[in-house]
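Let's take a walk through a protein chain together. Have a look at the model first, and then we'll go through it piece by piece.

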Amino acid sequence: MHKRYIVMISTMLMVAAFLLIKGIQEHAFVFFNPVSEAIADEIWTEKVRVERFDFQSLLCNGIQIPMDVADKTFYVPLNMESDEWETMEFSSGDPNYLICFSEDFTKINKKDLIAIGEGIEFLVYNEQQFSTYHLVFTGLPMIELTTTDGVEGQQNIGGDAVFYHTDFSENGIKESSFYGHVRGNTSAIYPKKGYKINLTKKVLAGATVKNKLSLFDMREDDDWMLYALYNDGSKMRAKLSADLWNEFGAEEIASNAVYNSNMTYVEMVVDGSYYGLYMLMEPIDAKQLNLNAGDYLYKREQGAELTEEGFLQTDSVMTLGFELKSNNFNNEAWLPMAEFAKALNASDEEYASQIVQITDLDNAMRLWLYIQVITGVDQGSKNVFYVARKNGDSYQFTFAPWDLDLTFGNTSGNEEPHYTRFTKERLEKVIRWQPGTRLMELDVENTAGEMQKLYKELRTSVLSDEALEERMEELNHIIRDSGAYKREAARWPETAQADDYGQVSEYAKERMAFLDYALFDLEDFLQK
């Protein structure tokens, strides 16, 4: 009996110990090695320090992490919203070298260390020599591109990509081959480039096919855009504007289509060089919009006078500042735009009659209001998608904005270097966009009245001063408390920079205060 009790107690103690250890492990216990102040001191005193080794492989939980080779700095994305350190084990991925940290950085407040944006020093050594390297923790996902021919001076790029989510050490990474090109018009001249990339993979037969991946909780696809955020000191205008459009514009158009570009902040390493803060974006395309075979998608890239004849007298995919983005180019591809231009140039009476037939008035009204709210300088004459959906024997147009950096007071600057600057010159200006402006002028189908009603509702919700401020505070938190803004400024010192988001906040509140009365005195406002 006595032996039976001993066995039972021993078993219970073993189970309790197992559960305790398991609980500690599940509580993000950090397996961090090797950490030894004594070993570090021995390395410093007994080995010869050299500037660098050919060491480019540091592993975190067995996964190689991105590196800026010139700066000897490695990057690890972590969850910046959690106080607890993730489970991590670092090791050398190069058999010729060992690593050593002199102190356990997990004793430092995690959020503070991430926000500081600076690296933790560690030692890389062999039998005779050592060198110092650094480890940076970021609160943002990371993308590492390794290109075949480099990116400097290249219009087209290709190679391999690795995508590191902030939980990569537990759930792994995603990898893909890719090809792409520099994107943008004016932005293409900036030192820091934006890119359009397409993910690919090889199948057993050896052919290269599309590789559709869901990246950072966004859609599963092979088409992605990398927006460089070079010309906006706040680094938030595009994201702020896109989120606002999603709430009171895009979601109201169709339940089975996305009239917006979802996006998330990331940091980039390209060919072993830190490239800074980017925005990974879903493109607005036929897939996003759920277009059918008979539908057309037009991308307006330049301002030009729209005429019926101009759209009829072309056999190109580009005309009058528009590019046909659908894959169904044929002799009838520009007919919907010809009808649209015909309505725009008609008399007031004919315009009112025709525009009702070929345009989703609610969508056009919402976009016109949205452009006024964000002061979308570019959206007045370009940077809007025109979507023509087959509707019986005719077409109906809906609209979606894109490229939203020149918003909330940001307008083109002429001085060097090439970036935009904050200005209030547009604060009390109307941004003219057709067909929206004429809809307001003629109050077709009471669109002006519906716009005023909508604006009143929005000013008590998503467009209230408090809601706008809260939204900007959150974006500022993501950008700066991740450490990314500081690293971006160091990497691109000539880029547009700001101490905080105060200019955006100030402009937004003053614009809203102006619109509070201007939108209800339309005759005067439309003359500005």
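What follows starts with the whole chain, moves on to a pocket, and ends with a handful of single residues.

First things first: this is a predicted model, so it's worth asking how confident the predictor was. The protein chain averages a pLDDT of 89, and 91% of the residues score at least 70. Two stretches fall below 50, though. One is residues 9-31, which has 17 contacts in the model beyond near neighbours in sequence. The other is residues 414-418, with 6 contacts of that kind. Keep those two stretches in mind as you turn the model around.

Now zoom out. The C-alpha atoms sit in a box of roughly 95 × 55 × 55 Å, taken along the principal axes. Inside it you'll find 16 helices and 26 strands. The chain has 528 residues, and buried ones make up 52% of them. How do the contacts spread along the sequence? Take the contacts between residues at least 6 apart in sequence: 69% of them join residues at least 24 apart. As for the outside, the chain exposes about 24300 Å², and carbon and sulfur atoms supply 48% of that.

Next up is the largest pocket, which holds about 990 Å³ of space. Which residues lie nearest its centre? They are Lys196, Pro283, Ile284, Asp285 and Lys325, out of a lining of 39 residues. By type, the lining divides into 17 nonpolar, 10 polar and 12 charged residues. Several elements each bring at least two residues to this lining: strands S12 (174-183), S13 (194-202), S17 (223-227), S20 (296-300) and S22 (322-324), together with helix H6 (286-289).

Strand S20 is a good place to stop, and Lys299 is found in it. Is Lys299 buried or exposed? With a relative accessible area of 15%, Lys299 falls under the 20% cut-off, so it counts as buried. Leaving aside neighbours within four places in sequence, Lys299 is in contact with Gly321, Phe322, Glu323, Lys325, Val384, Phe385 and Trp402. You've met one of these already: Lys325 is among the residues nearest the centre of the largest pocket.

Strand S11 (residues 156-164) is home to Ile157. This residue is buried too, at a relative accessible area of 7%. Which residues does Ile157 touch, apart from those within four places in sequence? Its contacts are Gly150, Val151, Phe178, Tyr179, Gly180, His181 and Tyr195. Pick out Phe178 from that list: Ile157 and Phe178 are 21 residues apart in sequence, and their C-alpha atoms are 8.4 Å apart in space.

Time for some backbone oddities. Most residues other than glycine have a negative phi, and most peptide bonds are trans. Lys72 has a positive phi, near 55 degrees. You can find Lys72 in the loop between strand S4 (67-68) and strand S5 (73-77), and it is buried, with a relative accessible area of 8%. Lys235 also has a positive phi, of about 60 degrees. Lys235 belongs to the loop between S17 and helix H5 (237-248), and its relative accessible area is 1%, so it counts as buried.

The peptide bond to look for joins Gln434 and Pro435: it is cis, with omega at about 15 degrees. Pro435 lies in the loop between strand S26 (421-422) and helix H11 (436-442). Leu427 is found in the loop between S26 and H11 as well. At 11% relative accessibility, Leu427 counts as buried. Not counting residues up to four places away in sequence, Leu427 touches Tyr507, Glu510, Arg511 and Phe514. Between Leu427 and Phe408, which are 19 residues apart in sequence, the C-alpha distance is 8.7 Å.

Last stop: Glu466, in helix H13 (residues 465-481). Is Glu466 buried or exposed? At 59% relative accessibility, Glu466 is over the 50% cut-off, so it counts as exposed. Glu466 and Ala496 are 30 residues apart along the chain, and 27 Å separates their C-alpha atoms.

Key. Residues numbered from 1 in each chain as written. Predicted model: local features only at pLDDT ≥ 70, side-chain atom pairs only at ≥ 80, totals over all residues. Heavy atoms only, no water. pLDDT = per-residue confidence, 0-100. Contact = heavy atoms within 4.5 Å. 1 Å grid on protein atoms, 1.4 Å probe; cavity = no way out; pocket = protein on both sides within 12 Å on 5 of 7 lines; lining within 4 Å. Points joined across faces, edges and corners; volume = space filled by probe spheres on them. Helix = DSSP H or I, 4+ residues; strand = E, 2+ residues; numbered from the N terminus. Nonpolar A, V, L, I, M, F, W, Y, C, P; charged D, E, K, R; others polar. Buried < 20%, exposed > 50% of the residue type's maximum accessible area, 1.4 Å probe, protein only. Areas by Shrake-Rupley, 256 points an atom, 1.4 Å probe, with all protein chains shown as cover.
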